[in-house]
Each structure stands twice: as structure tokens, then as C-alpha cells.
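Biologist: Please take a close look at one part of this chain and go through its side-chain contacts. I would like the pairings and the burial of each partner in one connected account.

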Amino acid sequence: MTFVTGSSPEDDPQFPEPFLNGMGVGVIIADPYSQRITFLNKRCTALLGYTLDEVSAGHLSFVDLIHPDDRDVTAAEFERLMRGDIYQYVLDKRHLCKSGDHVWLQSSITLVRDEADQPRACVIAMVEISEHRILEQQL
């Protein structure tokens with residue numbers, strides 16, 4: 001995915017917001033340096049309860065939405081991603097909901113780079129796996 005000029009991918013006239021909102025998975029786009037959320041699709045809002053206005057007003061990063069017990073492994077993988085050691089990673093982790101509950105999500109995190117190979121955006125696709133995790137714990 002390549003973005004033309006603009007301060008963020010959402011400013012790009014080719015940004016596929018209708019496509020991303022129609023997906024059956026939660027999608028977050030964040031600034032790779034500040035980790036601030038710049039886009040949430042409708043499925044992500046349904047999963048976590050936050051709107052883009054709420055995360056923007058609260059200056060929340062995607063790390064803020066991760067359960068504290070799952071942040072270290074996320075940080076380690078994200079550092080590898082930023083260094084260019086890996087292109088993408090997938091983790092099963094708990095995310096904090098606006099309601100105060102948490103939900104298990106499988107997250108696939110990809111770093112989009114510009115033409116100069118500099119990090120441009122972090123794209124996170126999330127699928128709920130809470131029921132699967134509950135069944136695993138019961139076994």
C-alpha cells in the first residue's frame with residue numbers, strides 16, 4: 001500500500017475508508033512513531049467501544065488499548081518491526097474496551113513504508129478470538 005503526499009494516510013485521496021469500514025475485521029491505522037491512532041474502522045469501534053473522536057480527544061495510542069500484561073511482548077515485536085527485522089507480526093492478546101472489560105483479539109500488525117523506506121503508517125487488523133480462548137482454558 002503506497003500513500004501519496006499528506007500528513008497521514010487518511011489525508012490521501014486514495015485512502016480506501018469505505019473499503020476498510022466494510023471489512024469484517026477491526027482495523028486501526030496509527031502513526032508508527034507516536035503510536036497515536038489516526039483511523040478506526042466501524043468493526044474496531046464495535047469490538048472496543050471507542051470512536052475515532054474518543055481516541056483522538058484522549059490522545060490514545062494503540063498500546064493504551066492493550067491489556068497491561070500483554071504490553072511487553074507487543075513492545076518487543078513492534079521494536080523489531082520498526083528496525084526492519086520483520087515485515088509483520090501476529091499476536092493473540094487482550095485489548096481494553098471502553099466498558100472496562102477486555103476482549104481477546106488476534107492482531108496482525110504491518111508497517112507501511114514510503115518510497116524512501118521510512119515508516120509511514122502502522123496498520124493493525126484484528127479478529128475477535130475471545131470464545132476460542134475461553135474454550136482453550138476449559139480444556
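Modeller: E77 and R80 form a salt bridge, with 3.1 Å between the closest N and O atoms. The two residues are three apart in helix α4, so about one helical turn separates them. E77 is buried at a relative accessible area of 18%, because the cut-off for buried is under 20%. R80, at 32%, is partly exposed. The model is a predicted one, and six salt bridges are counted in it.

Another of these bridges joins the side chains of D70 and R94, at 3.0 Å from N to O. This pair connects distant parts of the chain: D70 sits in the loop between α3 and α4, while R94 belongs to strand β3 (residues 88-96), 24 residues apart. D70 is buried, with 10% relative accessible area, and R94 also counts as buried, at 16%.

R83 and D85 meet in a salt bridge as well, with an N to O distance of 2.7 Å. Here R83 counts as exposed, at 53% relative accessibility, and D85 as partly exposed, at 46%.

Helix α4 also takes part in an aromatic contact. The count of aromatic pairs is one. The pair is F62 with F78, in an edge-to-face arrangement: the centres are 5.4 Å apart and the planes make an angle of 65°. F62 lies in the loop between α3 (52-57) and α4 (71-83) and F78 in helix α4, so the contact ties together parts 16 residues apart in sequence. F62 is buried at 5% relative accessibility, and F78 is buried at 6%.

Definitions and conventions: Residues are numbered from 1 along each chain as its sequence is written. This is a predicted model: local features need pLDDT of at least 70, side-chain atom pairs count only at pLDDT 80 or more; totals for chains, interfaces and linings use all residues. Side-chain values use heavy atoms; hydrogens and water are left out. Rings of Phe, Tyr and Trp (its six-membered ring) pair if their centres lie within 6.5 Å; planes under 30 degrees apart count as stacked, over 60 as edge-to-face and the rest as tilted. Helices (H or I, at least four residues) and strands (E, at least two) are DSSP runs, numbered from the N terminus. Buried means under 20% relative accessible area, exposed over 50%, partly exposed in between (1.4 Å probe, protein chains only). A salt bridge is a side-chain nitrogen of Lys or Arg within 4 Å of a carboxyl oxygen of Asp or Glu.
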